[in-house]
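Please look over this model before reading the report. It covers salt bridges, helices, surface and confidence.

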Amino acid sequence: MLLLIFLFLLLSSHLDVAFSAHCTTVTATKTFQKCMTLPTQQASIAWTFHPHNATLDLVFFGTFISPSGWVGWGINPTSPGMTGARALIAFPDPNSGQIILLPFILDPTVKLQKSPLLSRPLDTHLLTSSATLYGGNMATVHNGATIQIYATLKLVPNKTKIHYVWNRGLYVQGYSPTIHPTTSSDLSSIVTIDVRSGSSAAQHDNIKTLRTAHGIINAISWGLILPIGAVTARYLRHIQALGPAWFYVHAGMQLSAFFLGTVGFAIGIRLGELSPGVEYGLHRKLGFAVFCLGGLQTLALLFRPKTTTKFRKYWKSYHHFVGYSCVVLGVVNVFEGFEVMGASRSYSKLGYCLGLSTLIGACIALEVNSWVIFCRKAKEDKLRREGLIGSSDKGSGIHS
């Protein structure tokens, strides 16, 4: 039931994001033919394409995330990506506070942050451009303020597909926009659009579906089933009434977590292939570490020595060290995954935290019970050695 609640919360959070934005073809100054809701940042665009002269009238609807921030969009003439895009970026003038719109070319040095981003004329056929805050000239920039960025472009004849990018940032230094946030949605603000038909490439939808599946599978496998399996081995093996059943439960849960986690790991590899230039260094490294440790634990099950051999104690130490390392790193990487998905304050993370807290609470209660039983047994052994109780009382109450 706990896993189902967590799954529902995670799915519902993504549905809320998906249906929170809408598009419109009507603005205060112009009406457009087509519109599209962009998949991230609650942004949208509207446009009119004139096939007789290959010109495109376009407006972008975006929102600020800081009073001193910036909002922009661009078109990449060569490939779907930020690097190489020709962009228009709007932000408050540091001197007058009025909205200004400047052109920028996002060359590779921008991504590497080798130098400040400086405005320069675009090498594309930009005919007109302007920016308007929602609320008119007297509106002020604040967190959540809506802006409309207009442009008229001359496209290459018979080439109606454009690689569209958009984003927003927190600060502007002078007249140079600083780097935008690096959450999952910020790094995937790219779409390919056919301005004649109004269709978009389905790649982003596929990536979003895979990202959701990757997060759900790994949170359940590495983040919940694996720790529950470890708890099973630690606390149930001392209950004599269960016999060897605890071992089969433990092995079954750990194997299930590993095979399910392998599916999530494979989806993560595929996401990396579908998102060139998008890198999550720490999350990726932790993912590889957890997968390798899980593989080592699975191999350890195949080479488990008998209890009578002298190598048993070394295998046991190895098994405990690798197992607990895998559990800890798995849980840490689940939280890291919430960060890169931009869900650090989502209901999905809250659901996972509640499930993990419940498990930790159960561990504390079982640990206290184990120490109570251990201390009681130690006291009885001491009394027995001193002859104060008989051997017939051995083990009374220990495994109740």
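## Salt bridges

D123 is exposed, with 53% relative accessibility. Here exposed means over 50% relative accessible area, buried means under 20%, and partly exposed lies in between (1.4 Å probe, protein chains only). This is a predicted model: local features need pLDDT of at least 70, side-chain atom pairs count only at pLDDT 80 or more, and totals for chains, interfaces and linings use all residues. Residues are numbered from 1 along each chain as its sequence is written, and side-chain values use heavy atoms, with hydrogens and water left out.

The whole structure holds four salt bridges. A salt bridge puts a side-chain nitrogen of Lys or Arg within 4 Å of a carboxyl oxygen of Asp or Glu. One of them joins D123 to R86, with the closest N and O atoms 2.7 Å apart. D123 sits in the loop between α2 (108-112) and β7 (125-133), and R86 in strand β5 (residues 86-92), so the pair ties together parts 37 residues apart in sequence. R86 is buried, at 19% relative accessible area.

D107 pairs with R120; their closest N and O atoms are 2.9 Å apart. D107 is in the loop between β6 (99-105) and α2, while R120 is in the loop between α2 and β7, 13 residues apart. D107 is partly exposed at 23%. R120 is partly exposed at 36%.

## Helices α6 to α8

The chain has eight helices and twelve strands. Both are DSSP runs numbered from the N terminus: helices are H or I with at least four residues, strands are E with at least two. Does α7 come out at its expected span or off it? The expected span is 1.5 Å times one less than the number of residues. For the 29 residues of α7 (residues 312-340) that gives 42 Å, and the end C-alpha atoms are 41 Å apart, which agrees. Just after α7, G342 has a positive phi of about 70°.

A salt bridge links α7 to α8 (residues 347-385): E339 lies in α7 and K349 in α8, ten residues apart. The N to O distance is 3.7 Å. K349 is buried at 16%, whereas E339 is partly exposed at 39%.

Helix α6 (residues 281-302) has 22 residues; its expected span is 32 Å and its end C-alpha atoms are 32 Å apart. Its buried residues include H283, L286, V290 and L293.

## Surface and burial

L296, L299, L302, F303 and Y318 make a nonpolar surface patch of about 520 Å². α6 gives the most to the patch, with three residues. L299 lies in α6 and is partly exposed at 44%.

Of the 400 residues, 42% are buried. The chain exposes about 22,100 Å², and carbon and sulfur atoms supply 64% of it. Areas come from the Shrake-Rupley method with a 1.4 Å probe.

## Two loop residues

Q41 has a positive phi near 65° and is not a glycine. Q41 lies in the loop between β1 (34-37) and β2 (44-50), and is buried at 8%. A54, also not a glycine, has a positive phi of about 55°. A54 lies in the loop between β2 and β3 (55-63) and is buried at 8%.

## Confidence

The mean pLDDT (the predictor's confidence in each residue, from 0 to 100) is 82, and 86% of residues reach 70 or more. Over residues 394-400 pLDDT is below 50. Residues 1-5 also stay under 50. Where pLDDT is low, the predicted coordinates should not be read in detail.

Conventions. Patch = residues over 30% accessible without salt bridge, like charges linked within 9 Å, V, L, I, M, F, W, Y side chains within 5 Å. Contact = heavy atoms within 4.5 Å.
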